[in-house]
Each structure stands twice: as structure tokens, then as C-alpha cells.
Amino acid sequence: MLFLHNLINTNKVPDSIVIIPTFNEKENIERIIREVFSLEGDFNILIIDDNSPDRTASIVKELVSEYQNRLFLIERTGKLGLGTAYIAGFRWALEHHYEYIFEMDADFSHDPHDLMRLYDACKNQGAELAIGSRYKSGINVINWPLKRVLMSYFASVFVRKITGMPIMDTTAGFKCYRRTVLDTIDLDKIRMKGYGFQIEMKFKTWKYGFKIMEIPIIFTDRKEGTSKMSGSIFGEAFKGVIKMKIQSYFRTYKRSSALKPETKQEKHV
Ligand SMILES: Nc1nc2c(ncn2[C@@H]2O[C@H](COP(=O)(O)OP(=O)(O)OP(=O)(O)O)[C@@H](O)[C@H]2O)c(=O)[nH]1
Ligand SMILES: [Mg+2]
């Protein structure tokens with residue numbers, strides 16, 4: 001009886017969670033949540049809100065009662081940065097046994113329909129990290145001023161040259177991780193908080209030898225709400241990348257055998 005109960009429950013729990021960090025996204029949050037839930041795939045959503053003054057979290061709370069057991073909210077006390085928001089989300093997702101853990105912005109720069117393509121890369125094509133890539137086939141960015149496109153593109157080139165990572169879009173923030181990657185990387189040791197966080201996670205994923213695939217996406221500038229990008233975020237990434245590369249010469253990236261993908265997958269089923 002217990003076995004049957006567990007089996008039914010296990011079958012009901014989706015294997016995928018989309019983590020969306022928010023800071024002042026009241027114009028976007030309801031629409032993006034509804035759009036993810038209207039997709040063909042079975043995704044749960046975790047919002048990490050940093051006490052947004054525009055009360056984004058209150059909108060989420062109303063939706064939590066509508067989408068019980070599918071929509072979750074972590075509220076933090078203040079704006080603590082994108083990187084730490086994702087780390088809080090990763091820990092939560094690992095504790096709750098998700099196999100496919102996604103990062104996505106709230107502002108529709110990432111098209112929710114592409115979640116299925118990232119999922120397919122991890123589920124069926126062997127990727128352990130699938131990246132929604134703006135620069136895999138040309139430059140696929142819509143509505144950004146030319147200055148910002150060039151800055152982003154050449155930042156990606158700079159990071160690729162310094163680190164040696166064979167990744168075209170090194171700062172991308174639309175991704176799907178298999179849980180084994182997040183289990184392996186020591187999340188306590190991730191140093192960077194803004195864009196740099198995205199680079200550092202890719203660098204460590206690559207150093208540990210996980211399979212990374214870039215899936216071309218079209219990235220559209222936000223239409224609603226305001227940007228949180230700042231000069232200090234950019235500066236942190238610039239210095240952080242050089243420091244990260246130097247530090248990597250003094251350490252090894254060895255996976256513990258207990259965390260080999262097969263072991264985890266078996267456990268999850
Ligand atoms: N929880 C949390 N979320 C954040 C923080 N900073 C940014 N975000 C969210 O992270 C996502 C990406 O931030 P954006 O402001 O869109 O940054 P961006 O994409 O670099 O900039 P634009 O799209 O040009 O506005 C959005 O969903 C933001 O609401 C933060 O400090 N804490
Ligand atoms: Mg954005």
C-alpha cells in the first residue's frame with residue numbers, strides 16, 4: 001500500500017524546476033508564471049524575491065494558492081544579488097530532488113518556449129548543462145542598443161580567451177543543469193554575485209568535465225520594468241574572471257564517484 005502511494009506521488013512530481021529571481025518585476029511576474037505553466041512540458045517554478053519594493057512577492061503569493069505544489073516562493077530580506085538568489089534556489093531544488101534545474105529571467109528576455117529545447121538537450125541529447133545561447137549562431141539579440149550588444153558580445157569573447165572555455169555565450173543566464181552538476185560544484189565557494197556568477201558557474205561546470213551544449217536562442221530586451229545591470233556588476237565580472245583563472249591553476253577538479261550521474265539518476269527515479 002505504502003509502495004503504491006509512493007509510486008503515485010513520485011509520478012506526479014515533475015522532474016523540472018524553473019528558478020526565476022525577481023527584483024521589482026511586478027509588470028512581468030504574473031504573465032511569465034502563467035506562460036510557463038501553459039507550456040507542454042511539466043515544469044514547477046521557484047521564485048526568489050529580494051523583498052522587491054514594488055511588492056512582486058505579493059503577486060506571487062496570490063498565485064501560489066492557485067498553483068499549489070507547482071509554484072514556490074522564497075523571500076529574502078533585501079537585494080542580495082542574482083548569484084546568491086540562484087544559489088539559494090539551487091539548494092532548495094537539490095533538497096527537493098529535481099533532476100533538471102533551470103535558470104530564467106522574469107523579464108521575457110528569455111522566451112519560456114525555449115525551456116523545452118533546453119530540457120530536450122539535457123534529457124535526450126546527453127547535455128549536463130544546456131545553455132540558451134545568444135552567440136552560437138551569429139548574434140541573436142533583439143532591441144538592445146548597439147553599444148550594449150557590442151559590450152556583451154566582446155565581454156563573452158574576453159571571457160572565452162581568458163578562461164579557455166569553448167563556450168560562445170559565456171555570460172548567458174538561461175540554462176538547464178542536471179542535478180549532478182549542482183551537486184558536484186561547491187556552492188559555498190561561488191564568489192561572484194552579478195553577471196560574474198554566470199561565468200563562474202560555467203567555468204566550474206566545464207572544469208569538472210561535464211557535457212555542455214549551447215542551444216541557439218533569440219534574446220529580446222525587456223519591454224516592461226527596469227534593468228538591474230550596473231557598472232559595479234560589470235567590474236566584478238572583469239576582475240573576477242582573471243582571479244578565477246589564476247586560482248584554477250592551484251586546484252584540481254575531481255568528481256567524487258558518489259556523484260556520478262548514473263547514481264543520482266537511479267536515485268531520482
Ligand atoms: N532576487 C534577485 N533577483 C534579481 C536581482 N538582480 C536582478 N534580479 C532578477 O534577475 C533577472 C535578470 O535581471 P535584469 O534586470 O533583467 O538584468 P539584465 O537582464 O542583465 O538587464 P536588462 O534585461 O537589460 O534589464 C530578472 O528577473 C531580475 O528581476 C537581485 O539582486 N535579486
Ligand atoms: Mg533582463
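Which helix is Y86 found in? Y86 sits in helix α4. Helices here are DSSP runs of H or I with at least four residues, strands are E runs of at least two, and both are numbered from the N terminus.

The model is predicted: local features need pLDDT of at least 70, side-chain atom pairs count only at pLDDT 80 or more, and totals for chains, interfaces and linings use all residues. Residues are numbered from 1 along each chain as its sequence is written, while chains are lettered from A and ligands numbered from 1 in the order in which they are written.

**Overall fold**

The protein has ten helices and nine strands. Of its 269 residues, 39% are buried. Buried means 20 or more other C-beta atoms within 10 Å of the residue's own; exposed means 12 or fewer; partly exposed lies in between; C-beta atoms are placed from the backbone. Among contacts with a separation of 6 or more, 83% join residues 24 or more positions apart. A contact is a pair of residues whose C-beta atoms, placed from the backbone, lie within 7 Å.

**Core and Y86**

The largest nonpolar core has 58 residues. Such a core is a set of buried Ala, Val, Leu, Ile, Met, Phe, Trp, Tyr and Cys residues joined through C-beta atoms within 7 Å. V18, I19, I101 and F102 have the most contacts inside the core. Helix α4 gives the most to this core, with six residues. In soluble globular proteins, nonpolar side chains tend to be buried together.

Leaving aside neighbours within four places in sequence, I19 is in contact with L46, I48, Y86, G89, A93, I101, F102 and E103. Y86 counts as buried because 26 other C-beta atoms lie within 10 Å. With the same exclusion of neighbours within four places, Y86 is in contact with I19, P21, E103 and F197. Y86 and I20 are 66 residues apart in sequence, yet 8.1 Å apart in space, C-alpha to C-alpha.

**Ligand 1**

Ligand 1 is surrounded by 20 residues; P21, A85, A106, S227 and K228 are the closest. A residue joins this shell if its C-beta atom, placed from the backbone, lies within 6 Å of the ligand. β1 (16-22), β2 (43-49) and α4 (82-95) each give two or more residues to the shell. By class, the shell holds eight nonpolar, four polar and eight charged residues. Ala, Val, Leu, Ile, Met, Phe, Trp, Tyr, Cys and Pro count as nonpolar, Asp, Glu, Lys and Arg as charged, and the others, Gly among them, as polar.

**Helix pair**

Two packed helices are described by the angle between their axes and the distance between the axes. The axes of α2 (residues 29-37) and α3 (residues 56-66) come within 9 Å and cross at roughly 35 degrees. I29, E30 and I33 in α2 meet T56, I59, V60 and L63 in α3. The residues of this contact divide into five nonpolar, one polar and one charged.

**Exposed loop residues**

| Residue | Loop | C-beta neighbours inside 10 Å |
|---|---|---|
| N69 | between α3 and β3 (71-75) | 10 |
| N143 | between β6 (141-142) and α6 (146-163) | 12 |
| D186 | between α7 (179-184) and α8 (195-207) | 7 |

Most residues other than glycine have a negative phi. N69 has a positive phi of about 65 degrees, and N143 has a positive phi of about 70 degrees. D186 and K204 are 18 residues apart in sequence and 9.4 Å apart in space, C-alpha to C-alpha.

How values were computed
Contact = placed C-beta atoms within 7 Å. Axes fitted to C-alpha atoms, helices over the stretch in contact; angles between N-to-C directions.
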